[in-house]
Structure formats: C-alpha cells, structure tokens
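User: I'd like a close look at one spot in this model. Could you take me through its surroundings and then outwards from there?

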Amino acid sequence: MILLGLVSNKGDKNKNLMFTIHELAKHPHIWITKKSFIYESKPMYLIDQADYYNMVIQIDTNLEPLDLLDHIKKIEIKSGRTISAIKNMPRTLDIDILAMDQLLIRTKTLNIPHINIKERRFVLKPWSDIASNFILPSEKQSISYLLKHTSDTSKLNLILETKEG
C-alpha cells in the first residue's frame, strides 16, 4: 500500500489537486486505487498565507521509491510550483510520499514514512478516510490510533467541491 499526501494553497486549490491525480494516472506504472475527501486547514508553520487543501491518495506502482519521487517532483514543477529556500512557503502543489507498505527509508533525499505524520491532523484525517487500519512502521500504531492521539488539535473543514478536471 502506497500513500501520497497532496497539498495546495495557491491558485485554484481543488483544480491543483485534481491536476495531480490526472498527472499521476497518466503514468503507465502508477495506478490510483483510492482517494480521500479533501480537507481545508490553516497553515501550520508560516501562518501568514492562504489556507491549504489536503487529501491523501492510495496508489499502486512498480516504480522504485526514488523513481516515484522523481516523477512527483516533475508534476510539482509542471503545476507551477517554485522551490524556495524558505520552508513552508505557499505552493501550488506539494506531493509527499507518506508510506510505501512497511518500507523504512531515512536518507538525505527521501524519508519514508514521512517524518511528521503523527503531528499533522491534516494528513491523518484524510488518510483515515481510506486506510485507517494501516500500521505506520515508524510508530507501530494504526492511522486511526495516531489520529485520536495526535497533539495537533487544529480544525479541519471538509470541502465538498469534487469536480474532476
């Protein structure tokens, strides 16, 4: 089970998320199997910016982790994302590899599972929509357990806009 976090807070946020799904689905070795609802959240670190749209998707792929990361980065750039030296700046699109089955990778280039999952309600809630019983290998706990016990008490708003395209 491979899970990706999709985030946008610049431009048409819903359209940016749907663009990501479309671009991933075009790849001959990536198959989208589940999509969460979309949730709106306040910025977490640099608070003087627009709210974020967040969702989690489940995919299947036979790509190696670094090849998947490379493809994801190309989609982010194609969406108009500019890379800033300052972390947590507004962005049209951010795609994170949250988990790849029970794989543990800790390198300068790639961390799987994503390091801050248990501290982010905006990741845990959409993830729980599609795979609440997934055991996060770095924490040895299910996503539903982590959601109930996260220190993040921020409010999420369910977004009902679902236009694909």
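Is Thr150 buried or exposed, and what is its relative accessible area?

Analyst: Happy to. First, this is a predicted model, in which local features need pLDDT of at least 70 and side-chain atom pairs count only at pLDDT 80 or more, while totals for chains, interfaces and linings use all residues. Residues are numbered from 1 along each chain as its sequence is written, and side-chain values use heavy atoms, with hydrogens and water left out.

Thr150 is buried, at a relative accessible area of 10% (buried is under 20%, exposed over 50%, partly exposed in between, with a 1.4 Å probe and protein chains only). Thr150 sits in the loop that links helix H4 (143-149) to strand S10 (156-159); helices are DSSP runs of H or I with at least four residues, strands E runs with at least two, numbered from the N terminus. Setting aside sequence neighbours within four places, Thr150 is in contact with Lys118, Glu119, Arg120, Arg121 and Leu124 (contact being heavy atoms within 4.5 Å).

One of these partners, Leu124, is a buried residue of H3, so let's turn to that helix, residues 121-131. Of its 11 residues, 8 are buried, so H3 is largely enclosed by the rest of the structure. The buried ones are Phe122, Val123, Leu124, Pro126, Trp127, Ser128, Ile130 and Ala131. Trp127 lies 23 residues from Thr150 in sequence, and their C-alpha atoms are 14 Å apart.

Val123, also in H3, counts as buried at 10% relative accessibility. Leaving out residues up to four places away in sequence, Val123 touches Val56, Leu98 and Ile117. From the C-alpha of Val123 to that of Asp96 the separation is 10 Å, with their positions 27 residues apart along the chain.

Strand S5 takes the picture further. S5 covers residues 94-100, and 7 of its 7 residues are buried, so the strand is largely enclosed by the rest of the structure. Strand S1 (residues 2-8) runs antiparallel to S5, joined by 6 bridges (strands pair when DSSP finds at least two bridges between them). Within this pairing, Leu3 is opposite Ala99 of S5.

Elsewhere, helix H1 (residues 13-26) and helix H2 (residues 65-78) have axes that come within 10 Å and cross at roughly 135°. Their contact is built from Phe19, Thr20, Glu23, Leu24 and Lys26 on H1, with His71, Ile75 and Lys78 on H2. The axes are lines fitted to C-alpha atoms over the stretch in contact, with angles from 0 to 180 degrees between N-to-C directions.
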